[in-house]
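Please explain how this protein chain is built, beginning with its overall dimensions and ending with individual residues.

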Amino acid sequence: MARPSLSLCMIVKNEEATLGACLDSVAGLVDELVVVDTGSTDGTRELVRSRGGRLLERTFDGDFSDARNAGLEAVTADWILVLDADEALEVSSRAKLGPLLDDAGADAFTLTVRNLAPEGELATYEDLRLTRLFRRHPAYRYEGTIHEQVRPAIERAGGRIRSSELLVLHRGYAQPTAQGESRVARNLALLEAAVARAPAEAYLHYQLGATLKALGRFPEARAALERALELGGPELGPSVLDGLQMKLAQLHTAAGEHAAALRAAEESLRHNAENVISHNLAALAAVGIGDHRRALEHFVAVRRSPATNPAHAAQLDALIAYCRRAAGSCPGDGNCGE
């Protein structure tokens with residue numbers, strides 16, 4: 001029997017610089033390419049056509065879900081893979097993709113999107129679990145005007161979502177712009193409008209808080225993040241709560257509120273024990289309140305993480321040695337290194 005067919009479905013705007021690498025990463029794996037273009041003025045449309053893609057031209061109305069769903073309506077394949085132009089399927093994942101389509105017990109799969117950090121950051125990447133591979137189904141549609149999601153619709157329809165080992169590399173956060181404009185400035189206007197329309201949606205308040213924090217508007221950011229926690233709801237899953245608490249920890253750290261920063265950082269780690277930034281925030285906060293044993297535990301976790309930038313190794317080793325001395329846990333020879 002022929003294997004189920006697969007469509008790559010995308011929305012794009014002025015993506016000529018990155019789109020080729022994205023398409024190369026899934027070349028030979030997808031049977032159909034459906035691309036919704038929301039107003040490109042570079043060579044994006046020509047590139048899509050040269051790759052045999054079906055191009056849908058659509059004026060962007062401020063709603064990312066509408067654009068996503070226009071593409072889903074045009075898909076004819078059995079399965080849909082959603083990628084952005086600044087993403088690429090990691091090489092080792094190519095062999096893992098096909099067998100997932102034969103899984104009769106699954107209607108969708110989560111995969112890891114690895115957000116690569118700008119050069120010099122403590123953590124070289126941050127991993128998120130997102131639902132990006134799913135069967136073509138009329139009920140499976142994106143929701144939310146920005147930071148749109150398809151998982152809620154799949155769950156409401158009774159779809160079975162399983163985890164996969166697929167890895168997608170995302171380079172967009174390493175760049176300050178998106179489609180030639182400031183990402184955070186663009187997002188702020190869309191999120192403020194979305195919150196005004198749906199003030200009880202916790203996820204929108206979370207994304208608004210994250211955007212305000214990126215703009216340096218810390219008091220407003222804290223208020224939005226705390227409002228998201230107050231509202232709660234199923235949309236605040238482990239991944240969101242991890243990021244939310246990490247951002248609160250950063251805001252508390254900036255305000256010199258060590259005890260509050262420690263609580264938030266360790267709450268983040270309860271949802272994601274591998275979060276390098278939260279381990280580092282917890283360590284710094286623990287030093288701030290004089291709990292050097294606790295700080296040592298978190299600094300060691302940072303040092304051992306594969307996500308930690310090697311350029312920070314010497315500084316981390318010095319911090320570990322300091323905490324060991326302060327905690328009285330150096331060996332008799334005075335060697336306090338890890």
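**From the whole chain to single residues**

For a chain of 338 residues, a compact globule would be expected to have a radius of gyration near 20 Å; the value for this chain is 22 Å, which agrees with that expectation. The model is a predicted one. Along its principal axes, the C-alpha trace extends over about 70 × 45 × 40 Å. Of the 338 residues, 49% are buried. The area that the chain exposes comes to about 15600 Å², and carbon and sulfur atoms supply 51% of that area. Among the contacts with a separation of 6 or more, 63% are between residues 24 or more positions apart.

The next level is the secondary structure, which consists of 13 helices and ten strands. Eight strands form an open sheet with mixed pairing, in the order β3-β2-β1-β4-β7-β6-β8-β5. The edges are occupied by β3 (54-57) and β5 (87-89); each has a single partner strand, so one side of each is left without a neighbour in the sheet. From one strand to the next, the twist averages 30°.

Within this sheet, strand β6 (residues 108-116) and strand β8 (residues 161-170) run parallel and are joined by seven bridges. One residue of interest here is Arg114, whose bridge partner in β8 is Leu169. Helix α4 (residues 94-101) packs on the sheet, where it touches β1 (6-12), β4 (79-82), β5, β6, β7 (125-135) and β8. The direction of helix α4 makes about 150° with that of β8.

Strand β1 deserves separate attention. How many of its seven residues are buried? Seven of the seven are, so β1 is largely enclosed by the rest of the structure. Leu6, Leu8, Met10 and Val12 point one way from the strand, whereas Ser7, Cys9 and Ile11 point the other way, and all of these residues are buried. The strand is parallel to both of the partners described here: four bridges pair β1 with β4, and six bridges join β1 to strand β2 (residues 32-37). Leu8 illustrates both pairings, since this residue stands opposite Leu81 in β4 and opposite Leu33 in β2.

Val12 of β1 leads to a residue outside the sheet. Thr44, which lies in helix α2 (residues 44-50), touches Val12, Asn14, Glu15, Glu16, Leu19 and Asp37, when residues up to four places away in sequence are not counted. Is Thr44 buried or exposed? Its relative accessible area is 0%, and Thr44 is therefore buried. The side chain of Thr44 makes a polar contact of 2.7 Å with the side chain of Asp42. In addition, a polar atom of the Thr44 side chain lies 3.1 Å from the backbone nitrogen of Glu16.

A second residue to examine is Glu148, found in the loop between β7 and α5 (151-156). Glu148 has a relative accessible area of 16% and is buried, because the cut-off for a buried residue is under 20%. Which residues are in contact with Glu148, leaving aside its neighbours within four places in sequence? They are Phe64, Ser65, Arg68, Tyr142 and Glu143. With Arg68, the contact includes a polar one, in which the two side chains are joined at 2.9 Å. By C-alpha positions, Glu148 and Val75 are 19 Å apart in space, and they are 73 residues apart in sequence.

Methods. Residues numbered from 1 in each chain as written. Predicted model: local features only at pLDDT ≥ 70, side-chain atom pairs only at ≥ 80, totals over all residues. Heavy atoms only, no water. Pairing = 2+ DSSP bridges. Helix = DSSP H or I, 4+ residues; strand = E, 2+ residues; numbered from the N terminus. Axes fitted to C-alpha atoms, helices over the stretch in contact; angles between N-to-C directions. Contact = heavy atoms within 4.5 Å. Rg over C-alpha atoms; globule rule 2.2 N^0.38 Å. Buried < 20%, exposed > 50% of the residue type's maximum accessible area, 1.4 Å probe, protein only. Areas by Shrake-Rupley, 256 points an atom, 1.4 Å probe, with all protein chains shown as cover. Polar contact = N/O pair within 3.5 Å; in protein donor to acceptor, adjacent residues only side chain to side chain.
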